[in-house]
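This report describes how some strands and helices of a protein chain are arranged. Look through the sequence and the structure before reading on.

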Amino acid sequence: MTFLPAKEAEIRSLEARIRAECGSRIGAASKGKATPGQAPPTGPALTGRLFRELPISERTLRGLEASKFVKMTEIQSGAIPLALSGRDILGEARTGSGKTLAFLVPVIECLYRQNWSKMDGLGAVIVSPTRELAYQIFQVLTNVGQEHEISAGCIVGGRSLAEEQHAVASMSVLVATPGRLLQHLDESPGFDASALLALVIDEADRILDFGFQETMHNILQHMPTNRQTLLFSATLHSSVHRLGRAALRSPEVVSVHHNAKSRTPETLKQIFMVVPLEKKVDTLFSFLRSHSQKKTIVFVSTCKQVRFFYEAFRKLKPGPAVMELHGRQSLTKRMMIFQQFTERERAVALFCTDIAARGVDFPAVDWVVQADCPDTVDSYIHRVGRTARYESAGKSALFLLPSEKPFVDKLLQARVSVRAINAKQSKLVSIQQKLASVLAESSDIRHLAQRAFASYIRSVRLMKDKEIFDVQALSKTAFAESLGLADMPEMGAEWEAQGEDTEHNKLKKRKNQSALQRLKDKIREKKQAGKPEPKQVEEEEAEEELELSQQDSSKRKVGKWERRQRRIAAASKAAQQPAKQEAPAEEEFLQLVEQDGRDGPTESQAEVLPPSKKRIKLRKDGSAVHASGQHTFFTGKHGTRVSSELAQLADELQERSAVPDEGDRASFLKRVQQELATRDSSDAALSRSRLQKRHQTMRRKERAAKGAQEDDADDAGSSESPQRPQSPPPSPVAEKAETKPKKKASLPVSKIASLDDLQDLEKKALSRLGGLFA
Ligand SMILES: Nc1ncnc2c1ncn2[C@@H]1O[C@H](COP(=O)(O)OP(=O)(O)OP(=O)(O)O)[C@@H](O)[C@H]1O
């Protein structure tokens, strides 16, 4: 009798269980096209509710338990057993329902059962629409897979391609954004996906919304056709189905909330307020002040609005603690804010664009406020999905302009129920005068206000749904004043679109365009030497630089406008604003409108705000919002809450830059070096790629042989003889050679020779924040 090492024995027993409990493998079982609601095959693993009941390895179980994942959510218990058996999955479930584990567990298990090592090349790819989400998936992967010997990395745009190129060649699992992944597939020597076992497309609807359709189709061209593909989405609209048709083979459709009464979680309380544009800033500030102890996310339409609200609100005292997150920030900054907001338990408002709308898992968010109407119902659903995640409660507030009220009908038609609420007039704080004085004192913030104004108007003009978004209905002058501006800013492009272009505007536009072009060229030069960046990133960076350079130059100008603003500021101070008022309590701010959601308050109601006797008890409606113990993100191995590695590094980097001490810096960088241990010398990469090729050829042969064997077995319909070793699991790939030695990653730590080395190292460490940890 042959002695099987424990791992081999475990793998064989898992394979047997999968075969017996989860149905047969892809191709043999579901030849017909799966349809929503189709009953999946039954078996013990398919009916269990606990992770422990699944045919998965002890290592994965320990990783799950260390992260406090014991009971499966619906999408997990629906999708994991089918995915374990090698089937393609088209998964649809509400936001916050646990889709991440629904694909990570099968991916980890698939690699484990194949005894995959970095010598086998790229085994699995997870595509995510945004950097934040990619980073977060990577974090969950490293937590749940902590006991496995899998090398995993996270590649997203905005970092040096060359540095990533060394590392990606040795990764077994990559979490990536679509553009960056394709760039590597096209340009990185030694990086190919020809041996890939599994492809995951997460947040497919968002990937398509971002215009990555073409990119995804190109990515698919690089992948072998016999891979397993898992596609997950919160909504399965027609373009997701189209992508599904291109990417999936006879998929099982797992749609757990397809027939649910509501498309949003039952634990989410949703309200809307009709707020005229000129009252929006006041209402938002009053709302945040009265909810200052809550953890809130505020969505607005554009980066420039985020910048303005963040800079202006943090000057207004007493006001809420604020943070900002938008696409114009550098990757490192975005990651840091992402971490900091995640770690804050309460009393903070994060202003952001839709960058944070999908997939991102911030723990214990109390309120999601949509200060600007989202472009579609799907966007609305994704935004509110940042609260009430998993089993926790949450609340959301949507501000609608009177002209945007038809959006409520669209929500109701899409099975999203919202209730009309008014802000209590007496609790509304007017901050217009205070803003005017802030703007008078800071030309930077004044410029931000002007840009926020222009970008908002532009965003409304660009919205597709003209039934909801009507740029002509916007009271522009009053809106400008509400931002603290004395005059309505000039808007070359906007007036041009409306036939109101002036010579002056045209000149200014040409000047700005050439400045933008100059900056783009400058950035392009900086990034030469074989480090092409996606065009979009270049342009964003150029625009950001332009914005900053314009802010700088604005500091020098103190003209008529500014003098006028200062006069207004002086007057406003004299007028004794209610700056020292106590913040009203949360429940005192909101009033239920005594109509059903469909009617909502009229414009005049919203402005006059009639006293309503029935005060909504929002505070009592929701149960505890703090989802303590439910988030893997900051849970240490023994269940203690710890700061993430990234956050610690980022904090230290910040501290170091504030107090530059070379000694400290050296030891810090050395530690970073050890923690992020690099193993990407070019010699090693070369030999690795040679080895990989050899492994891949071997695997191809084995796969062909195994396919023939399995087909024979299937044809004969025979069960395995108990004496013989059991045949490999139903899987799209072949079993590894039994004698294959286990390879461990070695982590050479090179010496730090000089300060130059340190700086180089620091650069590397920064570039690796958010990924590439082996
Ligand atoms: N089985 C589980 N037990 C406990 N908590 C879980 C479980 N599965 C997921 N969670 C938690 O639920 C939250 C939401 O999970 P996840 O981010 O995977 O949802 P999602 O469906 O991908 O959401 P979105 O569509 O917004 O991306 C996370 O905080 C996660 O840690």
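In what order do the seven strands of the open sheet lie? In this predicted model, the order is 3-4-2-5-6-1-7, and the pairing is parallel. Strand 3 (152-155) and strand 7 (252-255) are the edge strands, each of which pairs on one side only. On average, neighbouring strands of this sheet are turned by 15° against each other, direction ignored.

One pairing within the sheet joins strand 2 (residues 124-127) to strand 4 (residues 173-176), in the parallel sense and over four bridges. Here Val125 stands opposite Leu174 in strand 4. Helix 5 (residues 99-113) lies across several strands, including strand 2 and strand 4. The others it crosses are strand 1 (89-92), strand 5 (198-201) and strand 6 (228-233), and helix 5 runs at about 170° to strand 6.

Further along the chain is strand 9 (residues 295-299). Strand 9 pairs in the parallel sense with strand 11 (residues 348-352) over five bridges, and Thr296 stands opposite Ala349 of strand 11. Strand 9 also runs parallel to strand 12 (residues 367-370), joined by four bridges; there, Val298 has Val369 as its bridge partner.

The pairings described above with bridge counts are set out below.

| Strands | Bridges | Opposite residues |
|---|---|---|
| Strand 2 and strand 4 | four bridges | Val125 and Leu174 |
| Strand 9 and strand 11 | five bridges | Thr296 and Ala349 |
| Strand 9 and strand 12 | four bridges | Val298 and Val369 |

Are the residues of strand 9 buried or exposed? Five of its five residues are buried. In a regular strand, side chains alternate between the two faces of the sheet. In strand 9, Lys295, Ile297 and Phe299 point one way, while Thr296 and Val298 point the other way.

Two helices can be described by their cover as well. Helix 15 (residues 377-384) is mostly covered, with six of its eight residues buried. These are Asp378, Tyr380, Ile381, His382, Arg383 and Val384. The cover over the buried residues of helix 15 includes strand 9 and strand 12, together with helix 9 (204-209), strand 8 (268-274), strand 13 (394-400) and helix 16 (406-413).

Why is helix 4 (residues 74-84) largely enclosed by the rest of the structure? It is because 10 of its 11 residues are buried. Among them are Ile75, Gln76, Ile80, Pro81 and Leu84. After helix 4 comes Gly86, which has a positive phi, near 95°.

Key
Residues numbered from 1 in each chain as written. Predicted model: local features only at pLDDT ≥ 70, side-chain atom pairs only at ≥ 80, totals over all residues. Buried ≥ 20, exposed ≤ 12 C-beta atoms within 10 Å, placed from the backbone. Helix = DSSP H or I, 4+ residues; strand = E, 2+ residues; numbered from the N terminus. Pairing = 2+ DSSP bridges. Contact = placed C-beta atoms within 7 Å. Axes fitted to C-alpha atoms, helices over the stretch in contact; angles between N-to-C directions.
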